[in-house]
4 protein chains.
Amino acid sequence: MTTTLRADAARNRERVLATARAVAAEGDLSLPLNEIARRAGVGVGTVYRHFPTRRALLEALAADAFATLLDQARAATRGDDPWDGVELLLRAFLRGQLDDPALAEVLSTSAEEDAIAQTTAGREELGALAAIVLARATRAGRLRPGLTLDDLQHLVCGTAFAARLADAPDRRVELYLTVLLAGLRAPDPTGAARPAD
Amino acid sequence: MTTTLRADAARNRERVLATARAVAAEGDLSLPLNEIARRAGVGVGTVYRHFPTRRALLEALAADAFATLLDQARAATRGDDPWDGVELLLRAFLRGQLDDPALAEVLSTSAEEDAIAQTTAGREELGALAAIVLARATRAGRLRPGLTLDDLQHLVCGTAFAARLADAPDRRVELYLTVLLAGLRAPDPTGAARPAD
Amino acid sequence: MTTTLRADAARNRERVLATARAVAAEGDLSLPLNEIARRAGVGVGTVYRHFPTRRALLEALAADAFATLLDQARAATRGDDPWDGVELLLRAFLRGQLDDPALAEVLSTSAEEDAIAQTTAGREELGALAAIVLARATRAGRLRPGLTLDDLQHLVCGTAFAARLADAPDRRVELYLTVLLAGLRAPDPTGAARPAD
Amino acid sequence: MTTTLRADAARNRERVLATARAVAAEGDLSLPLNEIARRAGVGVGTVYRHFPTRRALLEALAADAFATLLDQARAATRGDDPWDGVELLLRAFLRGQLDDPALAEVLSTSAEEDAIAQTTAGREELGALAAIVLARATRAGRLRPGLTLDDLQHLVCGTAFAARLADAPDRRVELYLTVLLAGLRAPDPTGAARPAD
DNA sequence: CATGAATGAGCTTTCATTCAT
DNA sequence: AATGAATGAAAGCTCATTCAT
């Protein structure tokens with residue numbers, strides 16, 4: 001029952017979010033609320049009204065990127081080829097995290113930390129979509145056996161972490177994604193070439 | 001260069017390290033120096049004398065695990081099979097990080113952050129050893145083209161990160177390592193089986 | 001003088017008072033206006049319109065108990081026995097304060113603090129009634145010499161304070177009241193028994 | 001095992017206490033630690049080191065007056081006349097609270113609130129001494145039956161409260177004390193004169 | 001060298017009060 | 001009138017770091 005925000009409240013909320021985004025972009029994800037209030041030119045109280053905790057602000061920051069990710073995840077369930085789905089999904093996951101460090105942090109923590117129901121809801125939908133993609137790939141025998149939904153999630157977060165370690169993450173993502181996908185793919189059962197591997 | 005410490009100084013140093021290790025083991029890597037001093041039963045000043053910064057303490061904490069890793073990296077350069085070398089190296093990397101969170105943090109940062117020369121030296125030796133392993137695997141055509149030494153480093157740190165996200169990291173490492181290795185391996189050049197991938 | 005309130009305004013006023021009473025009953029007499037507004041389901045502004053200060057709200061809260069006390073004080077002036085009047089008056093004072101902490105606070109402060117004319121008026125009437133009771137008891141030689149109206153007021157507030165310190169105030173009031181009355185009573189002039197006291 | 005404070009530490013502690021005393025004397029017993037630090041010219045941290053909570057500071061403030069009270073309570077157990085003991089004890093109680101508002105607050109709260117062991121210890125010794133005085137007076141049939149140690153404590157705190165309500169507490173204490181003592185004294189058993197009271 | 005007291009910046013949090021809607 | 005968002009002053013508290021002893 002989210003009633004529409006009053007005009008000025010919405011304006012302030014946006015201002016705080018924008019400031020927080022700027023602060024986060026500078027590499028500081030600790031999001032000190034009073035500092036943000038100062039830079040946004042609003043009272044501390046205002047920040048606390050909109051975002052009672054650092055985590056609530058973090059999730060609000062990540063919300064857009066999360067929505068985009070969900071869109072792409074939905075798309076990933078719709079293609080014909082099961083493996084394409086996996087690839088689309090993981091690329092979306094990866095890009096989302098690189099484009100928005102807040103999303104990276106949200107995805108790297110569990111639902112128990114969630115401050116906002118919307119986040120948990122998104123998390124659940126994302127899980128459901130990923131489960132579909134996973135199931136199709138598994139059924140098609142394309143996915144390495146033994147991998148759970150959680151494993152996928154962890155590995156894609158790890159890959160985002162890896163990319164962030166690079167000097168130019170953007171120029172490394174595709175390669176790292178390729179590595180990840182190759183690693184996830186079911187090993188060649190006929191494997192005559194390299195039996196010992 | 002390293003003058004031998006007075007007996008009591010050495011004892012204090014060890015006490016601080018042990019306490020820090022205990023604190024880190026409890027999951028708190030922020031290493032609050034005051035708290036550590038208190039728990040170690042020494043003055044804060046003593047902690048600062050031995051470890052001027054949090055980072056210096058972190059590297060001291062990681063030193064043992066780092067040495068072990070170097071040993072294993074040396075071993076990895078000595079085997080017959082180029083790919084075995086890669087596997088040994090990455091497994092050592094991974095285990096080292098899981099067994100010692102301090103090492104994980106050290107390996108996930110760059111030499112510029114180093115507070116202690118020994119760390120940088122270790123880093124360089126590790127790089128040299130990894131370069132050997134990498135070169136052999138590359139020469140044997142076993143490694144996916146385009147991967148640099150840094151990429152390996154990032155990916156293995158990312159994999160450690162992924163494992164730490166799991167509820168029971170230790171039960172997931174081998175699987176994640178398998179995924180990583182499979183992803184790093186050069187793709188089958190004859191690739192008749194799955195043309196579209 | 002008091003213009004009749006619009007129906008909704010009156011409803012809001014009552015709602016705020018009821019909430020404040022509930023909050024006070026929970027033992028928190030600080031009456032945080034924001035909190036009360038929230039719990040009453042009205043805006044803070046509404047609370048401020050009806051009760052410009054915390055004190056105004058406090059006095060409004062105490063008003064009923066104050067009126068009851070006035071009734072009993074009037075009755076105390078009407079009996080035959082002068083001492084009965086004192087007893088009735090003080091018991092009413094005491095009970096009123098224990099039953100309503102807001103009244104206790106109002107009675108323990110002076111008219112200068114009053115935010116509402118009605119409170120000051122009540123205070124004055126109460127003073128006049130008590131003066132009557134006091135005068136009759138004094139004239140009958142039943143009251144310890146030297147006690148002023150203010151002294152009575154202070155002592156009865158102090159006795160209420162004493163009762164509130166007890167674990168079960170209600171089970172201690174009568175005893176404490178007995179002590180107070182015995183203390184206020186004029187000492188036996190024939191006092192042959194214990195001359196030195 | 002209170003080791004002697006370092007000279008500068010002791011100086012600071014005293015400075016904080018003095019400032020707190022000044023603040024309390026101005027009538028503000030809320031003892032805001034920040035404000036006190038500022039006025040004392042020391043860092044907040046210093047205040048917190050010496051007095052972790054407002055309550056700890058309050059008890060430290062009250063300590064001297066508490067010690068004096070204990071001295072007088074000891075004296076009250078030593079006299080010949082049981083009733084003199086009661087009088088000495090209650091006068092000491094009363095004067096202590098009026099002279100030091102911090103002591104008044106400490107005595108009006110229970111041991112559960114105590115932040116400092118010394119306070120609880122003092123409280124216990126005071127209780128023991130009062131028990132002696134009470135027992136002697138009771139045995140001598142001088143004390144009104146039914147009164148417990150706690151009742152005495154509550155009533156004397158209430159009387160201090162009453163005195164504080166007066167414009168010139170110091171000029172009212174003796175009278176209020178007389179009232180209290182008269183109230184506590186066992187009623188005349190031969191009481192033929194005023195049967196109904 | 002060791003100690004630990006002192007410092008003070010920085011963050012969180014709460015509320016009374018104002019004021020735009 | 002009513003609403004409730006915004007404000008910002010006050011505290012509270014924690015810690016990294018310095019420095020007198």
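This is a guided tour of a predicted model with protein chains and two DNA strands, taken one selection at a time.

Because the model is predicted, local features need pLDDT of at least 70 and side-chain atom pairs count only at pLDDT 80 or more, while totals for chains, interfaces and linings use all residues. Residues are numbered from 1 along each chain as its sequence is written, chains are lettered from A and ligands numbered from 1 in the order in which they are written, and side-chain values use heavy atoms, with hydrogens and water left out.

**Stop 1: chains A and B**

Select chains A and B together. Chain A is superposed on chain B by a rotation of 179° with 0.1 Å of shift along its axis, at an RMSD of 0.3 Å; the fit is by least squares on the C-alpha atoms of residues with pLDDT of at least 70 in both. The two copies are thus related as by a two-fold rotation axis. Of the interface residues of chain A, 97% are also interface residues in chain B, so the copies meet through the same surface.

**Stop 2: DNA strand E**

Now select DNA strand E and the residues near it (a heavy atom within 4 Å of the strand). There are 30 of them, and the closest are Tyr48(A), Thr46(B), Ala9(D), Thr46(D) and Arg49(D). They divide into 14 nonpolar, 12 polar and 4 charged. Here Ala, Val, Leu, Ile, Met, Phe, Trp, Tyr, Cys and Pro count as nonpolar, Asp, Glu, Lys and Arg as charged, and the others, Gly among them, as polar.

Which part of a residue meets the phosphate at Thr46(D)? There, an N or O atom of the side chain is 2.6 Å from a phosphate oxygen of strand E. At Leu33(A), a polar backbone atom is 2.9 Å from a phosphate oxygen of the strand, and at Leu33(C) a backbone N or O atom lies 3.1 Å from one. Among the elements giving two or more residues to this surface are helix H2 (33-40) of chain A and helix H1 (7-25) of chain B. Helices are DSSP runs (H or I, at least four residues), numbered from the N terminus.

**Stop 3: DNA strand F**

Move on to DNA strand F, which 30 residues surround; the closest are Ala9(A), Thr46(A), Arg49(A), Thr46(C) and Asn34(D). Sugar and phosphate make up 59% of the strand F atoms that come within 4 Å of the protein. Zoom in on chain A: a side-chain N or O atom of Thr46(A) is 2.5 Å from a phosphate oxygen of strand F, and one of Asn12(A) is 2.9 Å from a phosphate oxygen. For a base, turn to Val44(C), where a backbone N or O atom lies 3.2 Å from a base nitrogen of the strand.

**Stop 4: inside the chains**

Select Thr19(D), in helix H1 of chain D. Is Thr19(D) buried or exposed? With 11% relative accessibility, Thr19(D) counts as buried (under 20% relative accessible area is buried, over 50% exposed, partly exposed in between; 1.4 Å probe, protein chains only). Beyond its neighbours within four places in sequence, Thr19(D) is in contact (heavy atoms within 4.5 Å) with Ile36(D), Arg39(D) and Ala40(D).

Next comes Gly96(C), in helix H5 (residues 82-99) of chain C. Its C-alpha atom is 6.2 Å from that of Ala65(C), 31 residues apart along the chain. Gly96(C) is buried, at 13% relative accessibility.

**Last stop: the cysteines**

Finish with Cys157(D), which is buried at 0% relative accessibility. Its sulfur is 16 Å from the closest cysteine sulfur, in Cys157(C), too far for a bond. Over all chains the count is 0 disulfides, a disulfide being a pair of cysteine sulfur atoms within 2.5 Å.

Terms used: Polar contact = N/O pair within 3.5 Å; in protein donor to acceptor, adjacent residues only side chain to side chain.
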